[in-house]
Amino acid sequence: MNKEFITQELESLIRSLDFIQEEQAFVKRKLSSFLENFVMNDFIIWAEDLQHQILNREAALRLLQNDILLLKKGVKASKSANNTVEAKLVTEYKKYKLQVVYLENEFIIWKSNVNDKFEATTS
């Protein structure tokens, strides 16, 4: 695979992870606002669980992002003929791409469920 293509793809993966982190920060702010306005015991329990989920997700995103950044450095530093990347690095790229796609899809479902809970609480 072309070195420049993989470098651009890795940048795209990093942007996807950044987006998820930003959206999770939005959910955290929304959660804080709800906690200030609605102090129901079952909601507090749910909020604590949600906060724990967010912290775990943030840790996973940071770890994956660090792995992708290391791969990006490796791709840039690799010596290649005809601007192609060695198979080992391509395999890592494909693995990380699958992980990011999984996280994106899982995040969409998770965020929808969280939003449904917020809506049910305020209705």
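Is Glu 23 buried or exposed in this structure? Before I answer, please keep in mind that what we are looking at is a predicted model. With its relative accessibility at 18%, Glu 23 counts as buried, because the cut-off for that word is a relative accessible area under 20%.

Let me stay with that residue for a moment, since it has a charged partner. The side chain of Glu 23 meets the side chain of Lys 111 in a salt bridge, with 2.4 Å from N to O. Glu 23 belongs to helix 1 and Lys 111 to helix 3, so this pair ties together parts of the chain that stand 88 residues apart in sequence. Lys 111 also counts as buried, and its relative accessibility is 18%. As general background, side chains of opposite charge can pair when their charged atoms come close.

How many salt bridges does the structure hold? There are five, and I would like to take you through two others among them.

One of these joins the side chains of Lys 97 and Glu 9, at 3.2 Å from N to O. Here again distant parts of the chain are linked, as Lys 97 sits in helix 3 while Glu 9 sits in helix 1, which covers residues 3-37, and the two are 88 residues apart. Lys 97 has a relative accessibility of 32% and therefore counts as partly exposed.

The other is formed by the side chains of Lys 28 and Glu 58, which meet at 3.0 Å, N to O. Lys 28 lies in helix 1 and Glu 58 in helix 2, so in this case the parts tied together are 30 residues apart in sequence. If you look at the two partners separately, Lys 28 is partly exposed, with a relative accessible area of 26%, whereas Glu 58 is buried, with a value of 13%.

Finally, I would like to turn from the helices to a loop. Where does Ser 78 lie? You will find Ser 78 in the loop that runs between helix 2, residues 41-77, and helix 3, residues 87-122. Although it is a loop residue, Ser 78 is buried, with a relative accessible area of 11%. Its side chain reaches back to the backbone oxygen of Val 75, at 2.8 Å. And which residues is Ser 78 in contact with, once its neighbours within four places in sequence are left aside? They are Lys 3, Glu 86 and Leu 89.

Definitions and conventions: Residues numbered from 1 in each chain as written. Predicted model: local features only at pLDDT ≥ 70, side-chain atom pairs only at ≥ 80, totals over all residues. Heavy atoms only, no water. Helix = DSSP H or I, 4+ residues; strand = E, 2+ residues; numbered from the N terminus. Buried < 20%, exposed > 50% of the residue type's maximum accessible area, 1.4 Å probe, protein only. Polar contact = N/O pair within 3.5 Å; in protein donor to acceptor, adjacent residues only side chain to side chain. Contact = heavy atoms within 4.5 Å. Salt bridge = Lys/Arg side-chain N within 4 Å of Asp/Glu carboxyl O.
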